[in-house]
Amino acid sequence: MANGNASITMKDIARATGVSVATVSRALKNSPRISKEKRDEIQAYAREHDFSPNLIAESLRTSKIRPTKTIGVIIPEYTHYYFSSILSGIDQEASAKGYSLMVAQSGEMYKREAEICKKFFENKVCGVIVSQAKDTREYSHFERLISAGIPLIFYDRICTGVNASRVVVDDYQGAFNAVKHLIDTGCRHIAYFGSPKNLEISKNRFNGYCDALREAGLTIDERFQRICDNRPDAEQVAREILEQEEVPDAFFAVNDETAIGILTTAKRMGYRIPQDLSICGFTNSNNSTACDPTLTTVEQRGVEIGRQAANILISKVEGLIPEESVEKRIVRTRLIVRQSTR
């Protein structure tokens, strides 16, 4: 039985009241085709269990009269270049097809992310596009959206515990190519700064890093590996590593801001970039060309990811892609070689 913390679907109501889903739908709309007694029973059950159908998505699929079309978008951080570029892509695709956006920031917090999903549900968005927060390890808030018939699309950070459509970059190959470039230019002791391992993108990028080292017959040195994915922490952690007796001759970082933090600290400590130390990031943000030397990085193509995520969602809402279909799209990366590597 559902409670205040778990939304139910029309299938649940139909099962509990012994009727078809179509009958539940008609009863909730006060159709005279359903007896008053049965309507009252179904409506009472729905109220008792806080049922709130996603009427916008349903009417978009079944009616020629289009209601307001709003897509809910959750981004981890407004200020992160990559997420803002994805948001731009979502907005471009949505605007072109007559949809508007309701955007919220999770701040990398599970609790906030769950609250946003609830708010989107209450506001009857026609679908949700989301990148999972770093500390999310429980997924019932996503599952409730799917159970309610609301299309859910993941981008960048996907939730492997939820069977939903997703758009990602080829994180593994992007990392592999970046580390191979470092190796091909003479680096042999390559440090890795990554995100928490519960995130799928972190696993894929770390595996790409490790496999590039293995292919070259190099040691995977745990002394040079850190969970560190932002600039302030990177400036401190890089100093700790570079003050050791044995130091790396290159760094591969999970994003550009982390790489720039490493670069800043290394220069302050007297290292020459790239003669003494090569540094490679992952994003190709605006800051990658604003630092000195300019940063070698993996381009993620955030705008294209946003466009494709919006395209899948709108296609589901409008019935062009079956509701139960799970779309998996991969956007290719490319290595941008600049001055921070040899």
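Which residue of β11 is the bridge partner of Arg166? In this predicted model, the partner of Arg166 in β11 is Lys328, and that pair offers a way into the sheet described in the following paragraphs.

**The parallel sheet**

Arg166 belongs to strand β5, which covers residues 165-169, and β5 runs parallel to strand β11, residues 328-331, with four bridges joining the two. Strand β4, residues 152-155, also pairs with β5 in the parallel sense, here over three bridges. Within that pairing, Ile153 has Ser165 as its bridge partner in β5, while Tyr155 stands opposite Val167 of β5.

These strands are part of an open sheet of six strands with parallel pairing, in the order β2-β1-β3-β4-β5-β11. Because β2 (100-105) and β11 stand at the edges and have a single partner strand each, one side of each is left without a neighbour in the sheet. On average, and with direction ignored, neighbouring strands of this sheet are turned by 15 degrees against each other. Helix α5, made of residues 81-96, packs on the sheet and touches β1 (70-75), β2, β3 (127-130), β4 and β5. Another helix, α12 (residues 302-317), lies across β1, β3, β4, β5 and β11.

How many of the five residues of β5 are buried? The strand is mostly covered, with five of its five residues buried. In a regular strand the side chains alternate between the two faces of the sheet. In β5, Ser165, Val167 and Val169 lie on one side and Arg166 and Val168 on the other, and both faces are covered, since these residues are all buried.

**A buried serine after β2**

Ser106 is placed in the loop between β2 and α6 (110-122). Is Ser106 buried or exposed? Ser106 counts as buried because its relative accessibility is 1%, the cut-off for buried being under 20%. Leaving aside residues up to four places away in sequence, Ser106 touches Ile74, Ile75, Pro76, Arg112, Glu113, Ile116 and Ala133.

**The mixed sheet**

A further open sheet of six strands has mixed pairing and the order β7-β6-β8-β9-β10-β12. Its edge strands are β7 (225-227) and β12 (334-336), each of which pairs on one side only. Neighbouring strands in this sheet are turned against each other by 20 degrees on average, direction ignored. Strand β6, residues 190-194, pairs with β7 in the parallel sense over three bridges, and Tyr192 stands opposite Gln225 in β7. Helix α9, residues 200-215, lies across β6, β7 and β9 (278-283).

The table gives the directions of the helices named so far against strands of the sheets on which they lie.

| Helix | Strand | Angle |
|---|---|---|
| α5 (81-96) | β2 | about 160 degrees |
| α12 (302-317) | β5 | about 170 degrees |
| α9 (200-215) | β6 | about 175 degrees |

**Two helices in contact**

Helix α9 also packs against helix α8 (residues 171-184), at an angle of about 35 degrees and with the two axes 7 Å apart. The crossing of α8 and α9 is right-handed. On the α8 side, the contact is made by Asp171, Tyr172, Ala175, Phe176, Val179, Lys180 and Ile183, and the residues of α9 that take part include Ile201, Asn204, Arg205, Tyr209 and Leu213. Divided by kind, the residues of this contact are nine nonpolar, three polar and five charged.

Definitions and conventions
Residues numbered from 1 in each chain as written. Predicted model: local features only at pLDDT ≥ 70, side-chain atom pairs only at ≥ 80, totals over all residues. Heavy atoms only, no water. Buried < 20%, exposed > 50% of the residue type's maximum accessible area, 1.4 Å probe, protein only. Pairing = 2+ DSSP bridges. Axes fitted to C-alpha atoms, helices over the stretch in contact; angles between N-to-C directions. Contact = heavy atoms within 4.5 Å. Left-handed = near helix turned anticlockwise from the far one by under 90°. Nonpolar A, V, L, I, M, F, W, Y, C, P; charged D, E, K, R; others polar.
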